[in-house]
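Open the model in your viewer and keep the selection box at hand. The tour moves from ring pairs to a helix and then to a cavity.

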Amino acid sequence: MPAVEQPIVKRYDHIYEAADSSFDDLLKMRSKLNSVFDHPLYKKILLIHCPQISEQDFLWENARLKRYPNFPPYGPAILVTSLEEHGYSTDLCDLGHEVIGHAHRVSSAAEFSYRIWEKVLDKKIAEFQPDVVGLSCMFNMGHQPIKDIAHYIRSNYPEMPILAGGVHVSLTTEQFLQDVPDVDFVLLYEADHSIVSFFDVVNAARPVEELRQVATLMDGQVIKLSKRSTPEELVYSPDFKDLPLREYSQVGRIGAYTFLRPETAIAATVLSTRGCRARCGFCSVRSVNGPGVRTRTVDDVIDEIQNLRDRYGVSHIMWLDDDVFYDGERAIELFEKLAARKLGVTSDMSNGVIAACLNPRLLKACVDAEVVGFNIGIESGNPEMLRFMKKPGTVESFRKAAKYLEDTPSIFTKGFLIIGFPNETLAMMLDTVNLSLEMKLDWMPLQILTPMTGTPIFQLMQDQGLLGDIPATVLGKSRTFQVGATGTLGKREKLEKEKAKNFVNLFSGDLSRVPAREEMEDLYMAIDCQINYKIVLDYDARDKLDRKRLEKKRAMITEICNKMTNENALGTLFWAIIERKLGNHDEANRLFELARHYRNISAFWQVRFRVLDLDPLFSEFN
């Protein structure tokens, strides 16, 4: 429905009580609309994708090593398509990519300026002359950047209406609006339809009662119209306008399997379904997408992949789906048709798949379609914990999946694990360790639970007083202990290089107790060492399957040591062990000496090697 020119004073004279909101809330929303949108027509909308790494966390050298994620703004590009189909003019600006790209265009940290986004934004606004800007933020780590950008726009373009949306904004609406007062309205959840309704209301083409999924701040109070306008069908393909999609994977990371494709490969993302059939208590998907799963037509999805290949030279895609194997027959049809199209495009499922979906026919279709890797949501090896978090899987279904995967060694498989759930004992965590060792997937990414607002786990922990600093968790100042560029492993290693804090292997003590939050970092290291590194000691390269496992371990550890961390003594030592098992003795000796050096110069590694009984491996190597 196209926008209609009409004086603002006549837009909201008629109002009645809508089913989803109080009469008072609608009156307040009408008042705020009239105060923000004060001229006859708002038809040009600039959508801005904000950086997901804050200025305080961004390191030039990490960007140069392509350690930061750099996903094309798929969600905003969907909104572009929807808005333009309904008569609006749009443009798209990706400030996150601009910051990362700038790091690659300068030759030193001294030349790098994170605030390059200011110049880019000013230029885009000058060229496009938008009536409204919309800011998008996916994860809570992007909270500070979106706040800074909103403030910059308000300070330099004081009459410009500012909207915000995205997963982070949807899950933290009240806290977000209180902390980012420069934003006028937030559009919640999936805005394919609701953003059109919003601008139709602004332009007097619809009554204010048709507003959906919108919130605002008035006199310190959050006014929220929460009735949803969820798309029943997924009919829009993204329109990225003139964004340089060829550059994204050349300067940053797209997906968790970059190490399985050439450095020069061009990668992008595709979405074939929205939602997830699972009800995992720690996950925010149902909070944002609602219950159930909605699908696109198979042919539409494959046409999009072909367009990415033909227009941008894309040779790899990451599936954005949270439940890509929903409807097994459809999933098989998707990958069989993709294989038949012979596009020469590989893919991965970094967001994870449900283990119970796996079967030989589906896996064969994936292999034929050149799927190179996927993650399985396991989370725990303890049945009680799995029931507590409402996982759509059991220990037996995980074991069954692992057996199927032994017959598809061409696919790199990872198993997501989480520790730190409420009332989770050390014995329960040990069940997770033992299941991981039994399954023998190629890698087991481990996380410490960082509950997301809007999830059942968050509410439970808040009620029990287990969250600590809630605003820090909600507004992006909390960090999970992990290996990656935005994790804390590298930072802690640097801080403790001269003098390490005490490190304890908690599995040598009372297993019936629930560890404290401050003990989780030690647990992370002990578990990670056991399930991802020490496991290779039992692999025999003379066995065909074990040899393949060693080769895939080498690929992952190489990525960790060369791309994700610096001077990693643990990774380098086991890289050396793998090379020796594979018969590459010169390379093994070089890496062994390097690992010894990294250990010897770091108190952080010395104490961990001693407690985790890694030092004897050096003598065995000689």
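Start by selecting Phe37, which counts as buried because its relative accessibility is 0% (buried means under 20% relative accessible area, exposed over 50%, partly exposed in between, with a 1.4 Å probe and protein chains only). Add Phe185: at 0% relative accessibility, Phe185 counts as buried too.

A word on the source: this is a predicted model, in which local features need pLDDT of at least 70, side-chain atom pairs count only at pLDDT 80 or more, and totals for chains, interfaces and linings use all residues. Residues are numbered from 1 along each chain as its sequence is written, and side-chain values use heavy atoms, with hydrogens and water left out.

**Ring pairs**

The whole structure holds 24 aromatic pairs. Rings of Phe, Tyr and Trp (its six-membered ring) pair if their centres lie within 6.5 Å; planes under 30 degrees apart are stacked, over 60 edge-to-face, the rest tilted. Phe37 and Phe185 are stacked, at 6.0 Å centre to centre and 20 degrees between the planes. Phe37 sits in the loop between helix H1 (23–36) and strand S1 (44–49), Phe185 in strand S5 (185–187), 148 residues apart. Helices (H or I, at least four residues) and strands (E, at least two) are DSSP runs, numbered from the N terminus. Now add Tyr42, Tyr88, Phe198 and Phe199: ring pairs link them with Phe37 and Phe185 into a cluster.

Next, select Tyr74 and Phe240. This pair is edge-to-face, with 6.2 Å between centres and 70 degrees between planes. Tyr74 is in helix H3 (74–85) and Phe240 in the loop between strand S7 (221–225) and helix H10 (245–251), so the pair ties together parts 166 residues apart in sequence. Both Tyr74 and Phe240 are buried.

**Helix H17**

Select 426–439. H17 has 14 residues. Its buried residues include Leu426, Met429, Val433 and Met439. Show strand S13 (371–379) and helix H21 (520–533), which are among the elements that cover them. Just past the helix, Lys440 takes a positive phi of about 55 degrees.

**The largest cavity**

Keep Lys440 selected and add Leu405, Glu406, Asp442 and Lys552: of the 15 residues lining the largest cavity, these five are the closest to its centre. A cavity is a set of points on a 1 Å grid over the protein atoms alone where a 1.4 Å probe fits but cannot get out; lining residues have an atom within 4 Å of a point. Which helix gives the most to this lining? Select helix H22 (544–564): H22 supplies four residues.

Notes
Expected span 1.5 Å × (residues − 1). Contact = heavy atoms within 4.5 Å. 1 Å grid on protein atoms, 1.4 Å probe; cavity = no way out; pocket = protein on both sides within 12 Å on 5 of 7 lines; lining within 4 Å.
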